[in-house]
Amino acid sequence: MIEYRNLKIALLGAGSVGSRVAQLLLEHGDELASRVGAGLELVGIAVRDVDAERHVSLPRELFTTDAESLILSADIVIELMGGIEPARSYILEALNSGADVVTGNKALLALHGTELFAAAEQVGAQLYYEAAAGGAIPIIRPLRDSLAGDRVKRILGIVNGTTNFILDRMDVDGDTLEGALATATALGYAEADPTADIEGFDAAQKAAILARLAFHSAVPVEAVHREGITSITADQVERARRAGYVVKLLAICERVVDPVTGEEGISARVHPALVSRLHPLAAVHGAKNAVFVEAEAAGDLMFYGAGAGGLETASAVLGDLVSAARRHVAGGPGVGESFTAYLPVVDIGKVQTRYQITLEVVDATGVLATIAGIFSDHDVSVETLEQSSAAAAGPAASPATVAETATLVIVTHRASEQALAATVASLAGNTAVARVTSVMRVEGA
Ligand code: HSE
């Protein structure tokens, strides 16, 4: 039996992911040691309350409330406590003491990533974070390493399992948003306060992390345009289904070119969108996540799997731990990240995509020409238009004598958000339009 030297591992946090990491580390320590060429000794687990109930049974003597002493004793610190403070300070302390750090803390990286990466670089330490976006799905390393020689054009990510579960229930079962959310809560996907998921905050943090890696540029989370799923109706989902689309909450990170100046920038945004049922992302059901990457040379790639879950996410953390430990054994500076492209994040108004607009219009002579004129006035080109007669849906503004309305479903060619918003405002203000029922972006084509 080979005698390895031991690397000291400190774990901060013993929640659903932390406790699984400790369990797997204790159970598979010998196997991991042979992969690394050094033993991985879990020297302690820092928690707020050593007597709290855990997801798995772990040796009591490992627990401590003294995180600072534990950090100073470790070669590698795994931060899985979540939140901003004291996680940020502990990571800085660990890096400054010469330890490498593994974290799954997306909120912290999205907010303080620049500071933490700079701190790591300054002391020649490494900060690993595969678990911070997409749970078990390997996506950080592919973007950082495998695609480092390529140019990423666009990422379309389903990176929030709770909202994907809700939208999938609405699509497959015809459920309402409220009904699907209640099921998500009952099954433990949604938190008691689901705001972070359904308002898109969680996905926006992941978008900031992915955009930063994909485009080698700083992407502050505040620069990510964010819309949640709370305004999505069962009717919109049903109409989408009939038109060959599925509604998904997408995190979109895109290389964009200003049509006037030719300058490159980044669009990072989270919003619900129509995705063709033929697109691979349409097959991502339930609470699963997937990240679809379009790269110039590699073409289209899709990374799929569990985006959350204690055991699943622990897999990503342990992968990082093995990488960090191998670096300790082999020496050297470890893998770097480059943030030297300095691409600006462009305002959402300048972003171009396709749109589906559903209108209830007065069913009278000349209305179609009026509607077409409004699109053309704003330089928005119509790709398809479908009309069906509809029962009068609410009172038409004018003329008062017209009782019948028709439903128009218009899909545009690519247009800027700015132009589309102006078009919708004009449509809403026109007497021929009884109601703008729905405006959805169409992505993935
Ligand atoms: N709440 C997230 C989700 C998991 O529903 O996917 C953690 O990022």
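Is L385 buried, exposed or partly exposed? At 38% relative accessibility L385 counts as partly exposed, where buried means under 20% relative accessible area, exposed over 50% and partly exposed in between, with a 1.4 Å probe and protein chains only.

Before going on, I should say that this is a predicted model, in which local features need pLDDT of at least 70 and side-chain atom pairs count only at pLDDT 80 or more, while totals for chains, interfaces and linings use all residues. Residues are numbered from 1 along each chain as its sequence is written, and side-chain values use heavy atoms, with hydrogens and water left out.

L385 sits in strand β14, residues 382-390 (strands are DSSP runs of E of at least two residues, helices runs of H or I of at least four, numbered from the N terminus).

Let me turn to two lysines. In the unreviewed UniProt entry, K106 is annotated as "binding site" and K206 as "active site", bearing in mind that such annotations may be inferred rather than shown by experiment. K106 belongs to helix α5, residues 106-123, and K206 to helix α10, residues 201-215. K106 counts as partly exposed because its relative accessibility is 23%, whereas K206, at 7%, counts as buried.

Leaving aside neighbours within four places in sequence, K106 is in contact (heavy atoms within 4.5 Å) with residues including K206, D202 and A132. On the same basis, the contacts of K206 include K106, A132, G134 and V159.
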